[in-house]
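Got the viewer open? Let's take a walk through this one, one selection at a time.

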Amino acid sequence: SSISGVETDYFNIKILKVKEGRSITRSDIHNGRNVAVIGEGIKQTLFGKTDAIGKNINADGVLFKVVGILASDDLFSMQERNAIYIPSTSFAANFDSSGELASFCLSLSESASSSEIEKDLKGYLAFKYGFAPHDDSALLISNIEIQTQAFESLFHGLEILIWIIGICLLLSGIVGVCNVMLIIVKERT
């Protein structure tokens with residue numbers, strides 16, 4: 001499993017829902033509490049069918065109190081079954097001595113252009129860390145809006161295909177009924 005130090009907004013950005021217990025709060029982050037929100041796979045492995053809320057887990061010699069279990073009932077949260085999330089301050093204090101970020105997430109307003117923000121962010125980081133702004137191997141930016149648009153176009157294509165199949169079935173039914181009626185009328189005449 002993976003252990004990640006996160007802020008409270010992380011669960012909103014990744015659209016993760018807590019099935020049992022609660023999420024990480026600002027108070028947990030401010031006070032550096034050793035609390036954890038775990039995925040359902042971790043819960044099944046460590047605790048089986050018993051209740052995991054309030055129990056402790058040992059992560060590299062550090063005890064964390066389980067305060068929440070993530071739901072894994074949709075496509076986006078299935079990959080989080082084996083994840084452990086702890087407050088970022090607790091992660092920095094217990095595991096990360098450098099204090100550097102490995103990754104970060106942004107949530108944009110609806111009026112913001114994600115492609116423009118992505119371009120500006122890449123330009124700023126390229127200037128700050130000395131790599132070429134067009135070098136795709138230097139920095140990974142995962143834009144969920146682009147992935148969502150790809151899913152939407154896929155489902156729109158499937159919807160059109162289903163409509164075409166439905167219309168063809170309806171037309172073949174109409175032709176079949178008309179043919180039967182024509183035969184019945186011809187027999188009677």
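**First stop: helix α3**

Select residues 40-47, which make up helix α3, and colour its buried residues: Glu40, Gly41, Ile42, Lys43 and Phe47. Keep in mind as you go that this is a predicted model. Now bring up what lies over those buried residues: the cover includes β2, β3 (35-38), β4 (56-59), β5 (62-70) and β6 (83-87). Before leaving, step just past the end of α3 to Gly48, where phi is positive, near 65°.

**Glu40 and its partners**

Stay on α3 and show the side chain of Glu40. Is Glu40 buried or exposed? With 15% relative accessibility, Glu40 counts as buried, because the cut-off for that is under 20%. Next, add Lys19: its side chain forms a salt bridge with Glu40, at 2.5 Å from N to O. Since Glu40 sits in helix α3 and Lys19 in strand β2, this pair ties together parts that are 21 residues apart in sequence. Lys19 itself is exposed, with a relative accessible area of 51%.

Now add Arg81, which also makes a salt bridge with Glu40; here the closest N and O atoms are 3.5 Å apart. That pair links distant parts of the chain, with Glu40 in helix α3 and Arg81 in the loop between β5 and β6, 41 residues apart. Arg81 is partly exposed, at 29% relative accessible area. Show the trio together and you have a network of salt bridges linking Lys19, Glu40 and Arg81.

**Along β2 to Gly21**

Select residues 18-21, strand β2, and go to Gly21. Gly21 counts as exposed, at 58% relative accessibility. Which residues does Gly21 touch, leaving aside neighbours within four places in sequence? They are Ile53, Val67 and Gly68. Try a distance label from Gly21 to Val67: the two are 46 residues apart in sequence, yet 5.6 Å apart from C-alpha to C-alpha.

**Into α4**

Jump to residues 88-94, helix α4, and pick out Ser90. At 1% relative accessibility, Ser90 counts as buried. Show what is around Ser90: not counting residues up to four places away in sequence, the contacts are Gly32, Arg33, Asn34 and Phe64.

**A bridge from α5**

How many salt bridges are there in total? The count comes to 6. Another one to look at joins the side chains of Lys122 and Asp136, at 2.9 Å from N to O. Lys122 is in helix α5 (residues 114-129) and Asp136 is in the loop between α5 and α6, so to see this link between distant parts of the chain, 14 residues apart, select both. The two ends sit in contrasting surroundings: Lys122 is buried, with a relative accessible area of 14%, whereas Asp136 is exposed, at 61%.

**Last stop: helix α6**

Finish by selecting residues 144-188, helix α6, and finding Phe155 there. Phe155 is exposed, with a relative accessible area of 51%. Switch on a surface and colour Phe151, Leu154, Phe155, Leu158, Leu161, Ile165 and Leu169. Together these residues form a nonpolar patch on the surface, with about 680 Å² of accessible area.

Note on methods:
Residues are numbered from 1 along each chain as its sequence is written. This is a predicted model: local features need pLDDT of at least 70, side-chain atom pairs count only at pLDDT 80 or more; totals for chains, interfaces and linings use all residues. Side-chain values use heavy atoms; hydrogens and water are left out. Helices (H or I, at least four residues) and strands (E, at least two) are DSSP runs, numbered from the N terminus. Buried means under 20% relative accessible area, exposed over 50%, partly exposed in between (1.4 Å probe, protein chains only). Contact means heavy atoms within 4.5 Å. Patches are made of residues with over 30% relative accessible area and no salt bridge: like charges are joined within 9 Å, nonpolar side chains (Val, Leu, Ile, Met, Phe, Trp, Tyr) within 5 Å. Accessible areas come from the Shrake-Rupley method with a 1.4 Å probe; for residues, only the protein chains shown count as cover. A salt bridge is a side-chain nitrogen of Lys or Arg within 4 Å of a carboxyl oxygen of Asp or Glu.
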